[in-house]
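Work through the following exercises on charged side chains with the sequence and the model side by side. Each task is followed by a solution that proceeds step by step.

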Amino acid sequence: MVDKVEKIWMDGELVAWDDAKVHILTHTLHYGLGVFEGIRCYRRNDGRSAIFRLREHIDRLLESAKVADMAIAHDSDELCDACLETVRQNGLDECYLRPLAYVGEGAMGLYGRDNPVHTSIAVWRWGAYLGDEGLEKGIRAKISSYARPGVNISMTKAKIVGNYVNSILAKREVVAAGYDEAIMLDPQGYVAEASGENIFVVKNGAISTPPVGVSILGGITRNTVLTLCEELGLDVTERLISRDELYTAEEVFFTGTAAEVTPVREVDERQVGNGARGELTKRLQDRFFQVVRGPEESHAEWLAYL
């Protein structure tokens with residue numbers, strides 16, 4: 001359950017949690033045309049709190065809105081300031097942020113082009129998405145029967161609300177089968193991503209990840225890890241990855257704002273590597289948390305302090 005906070009930002013105003021409501025004929029509720037982001041705020045070792053890669057997330061929100069043909073009334077600066085103020089007003093030192101732009105009530109039917117576009121920002125406390133134990137020991141994943149939509153089927157580079165129905169079904173399918181997370185293939189049968197995370201594979205000490213050109217979301221945490229790999233002298237190849245490569249990999253890990261850097265210890269009842277968090281995964285995980293929580297200060301541009 002999401003813990004209730006005091007305020008939610010809606011269309012430029014902070015309103016009480018219980019007053020943050022929409023009409024039942026809100027267009028996005030019926031048809032799924034909306035865009036959103038997931039962002040984390042971390043409490044750093046020095047006691048200060050900072051939102052991680054806030055600008056990049058907000059810029060992607062606006063890019064998603066452009067792809068979805070939605071006109072958001074607020075620019076990047078306004079939305080970044082609103083995120084910071086919403087966290088401050090709720091007195092949170094660590095939290096998850098959910099900016100959302102949605103099409104409001106008005107005309108029904110698919111078009112809805114003249115309906116108003118509303119924007120909101122909610123924040124709440126949220127720990128490790130796949131569990132603290134998952135971060136340390138790894139999770140169990142299963143290939144879903146639901147494929148990731150192709151680039152000519154859905155706008156795969158935008159975080160569009162309706163796109164995630166497919167991921168919800170994939171997640172529910174594998175959780176019902178006793179697994180923690182779903183891995184989705186693309187329409188050609190290559191590994192795409194998890195239900196809400198990007199995926200990396202380690203074999204013979206070499207790291208690979210599916211390329212942005214295929215049907216994956218270009219994750220901001222994915223980009224962070226690619227940068228950290230470069231700084232650590234680790235080569236990463238962006239290439240097509242087949243399903244069976246996951247079975248014989250030495251390490252597999254997921255990246256995402258919610259999941260952060262989470263190791264995968266099993267895929268389709270095949271143990272990955274030694275069945276525990278791998279050496280490279282741990283190295284990247286440690287580096288990631290040093291950057292977001294401190295004491296590492298090498299990427300000050302990624303941190304928006306409260």
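**Exercise 1.** Determine whether E85 is buried, partly exposed or exposed, and establish how E85 and R88 are placed relative to each other in helix 3.

*Solution.* In this predicted model, E85 has a relative accessible area of 30%. Since buried means under 20% and exposed means over 50%, E85 is therefore classed as partly exposed. The next step applies the same cut-offs to R88, which at 40% relative accessibility also counts as partly exposed. The side chains of E85 and R88 meet in a salt bridge, with 3.1 Å from N to O. Because the two residues lie three places apart in helix 3 (residues 76-89), about one helical turn separates E85 from R88.

**Exercise 2.** Find which parts of the chain are linked by the salt bridge between E260 and R40, and decide whether these two residues are buried or exposed.

*Solution.* Begin with the pair itself: the side chains of E260 and R40 form a salt bridge at 3.7 Å, N to O. E260 belongs to strand 15 (residues 260-267) and R40 to strand 4 (residues 39-43), so that the pair, 220 residues apart, links distant parts of the chain. Turning to accessibility, E260 has a relative accessible area of 4% and R40 one of 6%. As the cut-off for buried is under 20%, E260 is buried, and R40 is buried as well.

**Exercise 3.** State how many salt bridges the structure holds, examine the pair R239 and E245, and then identify the residues that R125 contacts outside its sequence neighbourhood.

*Solution.* The count for the structure is 21 salt bridges. One of them joins the side chains of R239 and E245 at 2.7 Å, N to O; R239 is partly exposed at 26% relative accessibility, and E245 is partly exposed at 24%. Elsewhere, R43, D93 and R125 are joined into one network by salt bridges that share partners.

To place R125, locate the loop between strand 7 (117-124) and helix 4 (132-137), where this residue is found; at 42% relative accessibility, R125 counts as partly exposed. Once neighbours within four places in sequence are set aside, R125 is in contact with G91, L92, D93, E94 and C95. Within this group, the side chain of D93 makes a polar contact of 3.3 Å with that of R125, while the backbone oxygen of E94 is reached by the R125 side chain at 3.5 Å. Finally, the C-alpha atoms of R125 and C41 lie 9.5 Å apart in space, although 84 residues separate them in sequence.

Definitions and conventions: Residues numbered from 1 in each chain as written. Predicted model: local features only at pLDDT ≥ 70, side-chain atom pairs only at ≥ 80, totals over all residues. Heavy atoms only, no water. Salt bridge = Lys/Arg side-chain N within 4 Å of Asp/Glu carboxyl O. Helix = DSSP H or I, 4+ residues; strand = E, 2+ residues; numbered from the N terminus. Buried < 20%, exposed > 50% of the residue type's maximum accessible area, 1.4 Å probe, protein only. Contact = heavy atoms within 4.5 Å. Polar contact = N/O pair within 3.5 Å; in protein donor to acceptor, adjacent residues only side chain to side chain.
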